[in-house]
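Subject: Handing over the structure, with notes

Dear colleague,

I am passing the structure on to you with this message, and I would be grateful if you could read the notes beneath it with the model open beside you.

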Amino acid sequence: MGNAVLLHLLCGVLAVWSASLVNADDPYRYYTWTVTYGTVKLLDVPQQVILINGQFPGPRLDVVTNDNIILNLFNKLDQPFLLTWNGIKQRKNSWQDGVLGTNCPIPPNSNYTYKFQTKDQIGSFTYFPSTLLHRAAGGYGAINIYERPRIPIPFPVPDGDFTLLIGDWYKTSHKTLQAYLDSGRALPFPDGVLINGQTYSTFSGDQGKTYMFRISNVGMSTSLNFRIQGHSMKLVEVEGSHTVQNIYDSLDVHVGQSVAVLVTLNQGPKDYYIIASTRFNRKILTTTAVLHYSNSRTPASGPLPAAPSYGYHGSMMQARTYKWNLTASAARPNPQGSYHYGKITPTKTIVLANSAPLINGKQRYAVNRVSYINSDTPLKLADYFGIPGVFSVDSIESSPSGGAAFLSTSVMSANLHDFLEIVFQNDEKTMQSWHLDGYDFWVIGYGNGLWNSAKRSTYNLVDALTRHTVQVYPKSWTAIYVSLDNQGMWNMRSAIWERQYLGQQFYLRVWTQVHSLANEYDIPSNALRCGKAIGIHS
């Protein structure tokens, strides 16, 4: 009898112990989010914004490398809605990318469950609405991916971690802004700049300690400069790349980009201003927050540190100082520099030229003369089910050519495991910011004027960092390398949302004829159907 009781107790202990092991190793994180409208006073005006679980900005996702995210999103707006996960590679899984080329939008009063993994990634990222002009009303938030415990980081563990979502903001509603664009008018200059959805916020720390600041530009259109009164910043990470740890007084953060810096609270015990201000415009918009020392009894004061005196050239020079930390690990134990990208011969060169044509008397934006129009059937569904008439492969050329701009649902084809050289050519007088879903890429060169093959002699083929969004300066070019190791239908777009909405985007179809789950997952069982895919089942 005693042995039986002892055995029963032992089995119970083992069961609890086993369950704890399962929970400890279980990489799944479950979320339920509800998207609604709400009223928030911003820039001294009550405005309708998009809330997620009642929050503006939305909830922060703090996750770990390789976590599986199961996120059930309920849409309580009066319009279809999607979120996209800016910088999350969605390995083998463009089904979850959350853009109109891969997903049917979630109808009002409906829900969809995203299922994706933060596979082999660390770093600072964001999410935001990809539908219509919803991004102008909020609905955005931060994604912070932390290293697994056994993966070393190339700096001491910070004493704290702050997330700052900086971005321009309009007082005008997103529906009115959309009406501007639909009528052929350009958007006006923004009305202000917000930090974490506010014009005033406080970040507190202890004197002598070091804190990480994760800074992301979640705005619609404007490059921003970030600086902290009396404090220098050590750059340590850019969109998942550990960097050479250079020191900066201020940093330019362009639309869609993220950086992480270490700041040591090594000044006298008082409060200091945190500043974000617009760049490269005659009218300068500025907002401030406060860095509060816990032992401070003195409010922030004095003149704000000035914005950089340099213009486009100085900003480009700063960008060239961003280097890959070759000896640091990222999400995996092997050093970043173990991948010798500069020794690989590209299989193809693609040159993408942006433009701002009038088509049918209305303002549009284009890439290599093609201004993208969304189909009511996601391209990924059309490709998977073989639905004709939705898009045509190679409807966009791989280099600029003469002729009038035109409308098309443009898709460029590429083979799985191609290694591409892509040049963004900006012949306009405005800043550009380009993003590629599903990948990060090496930013190997910036230059003025027209790109030609001789410019390759200026490339950084040793320690260029990888990122997912890159700026292109006016009348200039930017070159990248990208290894196409992720099969799917991937959005290449302007991160400046007016330009994206009016056609400065296309899709890159990375494909192989070999059907294998090692290359790409099958269509999710809960995939929504719309357009010509209604009624079709796998």
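What follows is an account of what was found, ordered by topic.

Please keep in mind throughout that this is a predicted model.

I begin with an open sheet of five strands, in the order S11-S20-S19-S13-S17, whose pairing is mixed. Its edges are formed by strand S11 (202-205) and strand S17 (250-253), each of which has a single partner strand, so one side of each is left without a neighbour in the sheet. On average, and with direction ignored, neighbouring strands of this sheet are turned by 20° against each other.

Strand S20 takes part in two of the pairings that I looked at in detail. With S11, strand S20 (residues 286-293) runs parallel, and four bridges join the two; within that pairing Ser204 has His292 as its bridge partner, and Gly205 stands opposite Tyr293. With strand S19 (residues 271-278), on the other hand, S20 pairs in the antiparallel sense over seven bridges, and here Ile275 has Thr288 as its bridge partner. S20 is also mostly covered, since six of its eight residues are buried, where buried means under 20% relative accessible area.

At the other edge of the sheet, Ser250 belongs to strand S17 and, with a relative accessibility of 11%, counts as buried. Its side chain is joined to that of Asn225 by a polar contact of 3.3 Å. If neighbours within four places in sequence are left aside, the residues in contact with Ser250 are Asn225, Phe226, Arg227, Met233, Pro308, Tyr310 and Gln318. Gln318 also appears among the buried residues of helix H3 (residues 312-320), which are Gly314, Ser315, Met316, Gln318 and Ala319. The cover over these buried residues of H3 includes S17 itself, together with strand S16 (247-248), strand S31 (441-448), strand S33 (469-472) and strand S34 (476-483).

Lys209 lies in the loop between S11 and strand S12 (210-217), and with a relative accessible area of 34% this residue is partly exposed. Apart from neighbours within four places in sequence, Lys209 is in contact with Asp159, Val263, Thr264 and Leu265. Between the C-alpha atoms of Lys209 and Thr286, which are 77 residues apart along the chain, the separation is 28 Å.

Turning to the interior, in soluble globular proteins nonpolar side chains tend to be buried together. In this model the largest nonpolar core has 44 residues, and those with the most contacts inside it are Leu164, Phe213 and Ile274. Phe213, neighbours within four places in sequence again left aside, is in contact with Phe162, Leu164, Ile228, Val259, Ala260, Val261, Val263, Ile274 and Leu291. A second core, separate from that one, has 31 residues, and Leu352, Val472, Ile480 and Trp490 are included in it.

The count of disulfides comes to one. It is formed by Cys104 and Cys530, whose sulfur atoms are 2.1 Å apart, and the torsion about the S-S bond is about -90°, so the disulfide is left-handed. The pair links distant parts of the chain, 426 residues apart, with Cys104 in the loop between strand S5 (83-86) and strand S6 (110-117) and Cys530 in the segment after strand S36 (505-511). Both cysteines, Cys104 and Cys530, are buried.

Some backbone details remain, and for these it helps to recall that most residues other than glycine have a negative phi, and that most peptide bonds are trans. The peptide bond from Phe56 to Pro57, however, is cis, with omega near -10°, and Pro57 has its place in the loop between strand S2 (45-52) and strand S3 (61-64). Gln90, although not a glycine, has a positive phi of about 50°; this residue is found in the loop between S5 and S6 and is buried at 1% relative accessibility. Asn368, likewise not a glycine, also has a positive phi of about 50°; it lies in the loop between strand S24 (366-367) and strand S25 (370-372), where at 3% relative accessibility it counts as buried.

With kind regards

Methods:
Residues are numbered from 1 along each chain as its sequence is written. This is a predicted model: local features need pLDDT of at least 70, side-chain atom pairs count only at pLDDT 80 or more; totals for chains, interfaces and linings use all residues. Side-chain values use heavy atoms; hydrogens and water are left out. Two strands pair if DSSP finds at least two bridges between them. Axes are lines fitted to C-alpha atoms, for helices over the stretch in contact, and angles run from 0 to 180 degrees between N-to-C directions. Buried means under 20% relative accessible area, exposed over 50%, partly exposed in between (1.4 Å probe, protein chains only). Contact means heavy atoms within 4.5 Å. A polar contact is a pair of N or O atoms within 3.5 Å; within protein, one must be able to donate a hydrogen and the other to accept it, and residues adjacent in sequence count only if both atoms are side-chain atoms. A nonpolar core is a set of buried Ala, Val, Leu, Ile, Met, Phe, Trp, Tyr and Cys residues joined through side-chain atoms within 4.5 Å. A disulfide is a pair of cysteine sulfur atoms within 2.5 Å.
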